[in-house]
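Here is a short report on one pocket and one pair of helices. Look over the sequence and the structure, then read on.

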Amino acid sequence: PWFIDASLVVALILSYIPVSRLAGWPDWMALTLCFWSIRQPQLVGLDKAFLLGLLVDIGHGAAMGQYALAYVLLSHMAHTFARRILWFPPRQQALHILPMLFITQVVMTVVRLIAGDSFPGWTYFLAPITGALLWPALSLLLLWPQYQPEDRDDHRPI
């Protein structure tokens with residue numbers, strides 16, 4: 001559990017970097033939240049998605065609840081399709097993650113437009129594509145501690 005929380009804190013810090021508003025920059029919090037919602041649904045649920053969404057709202061100065069709503073929907077979709085997604089290798093998982101990230105971006109855009117903000121432009125929707133492209137590497141990185149044996153035995157090949 002400590003590694004999950006640490007990775008979500010790192011994703012939150014990455015989302016606070018001003019570069020995150022560039023076109024094509026992935027939403028690290030959405031990617032990390034989606035990953036843990038699929039892999040550990042009992043530890044990362046809708047409540048954690050809502051809380052992290054509020055923290056991202058505060059950090060970005062967005063309409064209160066914009067990211068919270070989008071992350072709750074993302075977490076719910078990830079919980080719903082988790083068993084199906086885990087059947088595939090990471091590259092094929094990315095094809096399942098792409099529509100979920102795209103729906104998240106659409107929800108954030110709709111909330112933004114309802115709040116009276118202007119349309120962010122079509123390049124805003126490049127982030128789900130880069131996020132899906134980064135999914136295999138992120139999966140490997142976040143699963144890395146599980147590949148490390150607790151008691152290393154030099155005489156055992158595995």
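## What lines the pocket

This is a predicted model. The lining of the second largest pocket divides into 11 nonpolar residues, two polar and no charged. In total, 13 residues line this pocket. Its volume is about 210 Å³.

Which elements give two or more residues to this lining? They are helix H1 (2-16), helix H2 (28-39) and helix H6 (127-147). H1 gives the most, with six residues. Nearest the centre of the pocket lie Ser7, Val10, Leu138, Leu141 and Leu142.

## How H1 meets H2

H1 and H2 both help to line the second largest pocket. The axes of these two helices come within 8 Å. They cross at roughly 160°. The cut-off for roughly antiparallel is an angle over 145 degrees, so H1 is roughly antiparallel to H2. The crossing of H1 and H2 is left-handed.

## The contact between them

Which residues make the contact of H1 with H2? H1 brings Phe3, Ile4, Ser7, Leu8, Ala11, Leu12 and Leu14. H2 brings Trp28, Met29, Thr32, Leu33 and Trp36. The residues of this contact divide into 10 nonpolar, two polar and no charged.

Ser7 of H1 takes part in this contact. Ser7 is also one of the residues nearest the centre of the second largest pocket. Neither the lining of that pocket nor the contact of H1 with H2 holds a charged residue.

How values were computed
Residues are numbered from 1 along each chain as its sequence is written. This is a predicted model: local features need pLDDT of at least 70, side-chain atom pairs count only at pLDDT 80 or more; totals for chains, interfaces and linings use all residues. Side-chain values use heavy atoms; hydrogens and water are left out. On a 1 Å grid over the protein atoms alone, a cavity is a set of points where a 1.4 Å probe fits but cannot get out, and a pocket is an open set with protein on both sides within 12 Å along at least five of seven lines; lining residues have an atom within 4 Å of a point. Grid points are joined across faces, edges and corners, and a volume is the space filled by probe spheres set on the points. Helices (H or I, at least four residues) and strands (E, at least two) are DSSP runs, numbered from the N terminus. Ala, Val, Leu, Ile, Met, Phe, Trp, Tyr, Cys and Pro count as nonpolar, Asp, Glu, Lys and Arg as charged, and the others, Gly among them, as polar. Axes are lines fitted to C-alpha atoms, for helices over the stretch in contact, and angles run from 0 to 180 degrees between N-to-C directions. Angles under 35 degrees count as roughly parallel, over 145 as roughly antiparallel, 65 to 115 as roughly perpendicular and the rest as oblique. A crossing is left-handed if the near helix is turned anticlockwise from the far one by less than a right angle, and right-handed if clockwise. Contact means heavy atoms within 4.5 Å.
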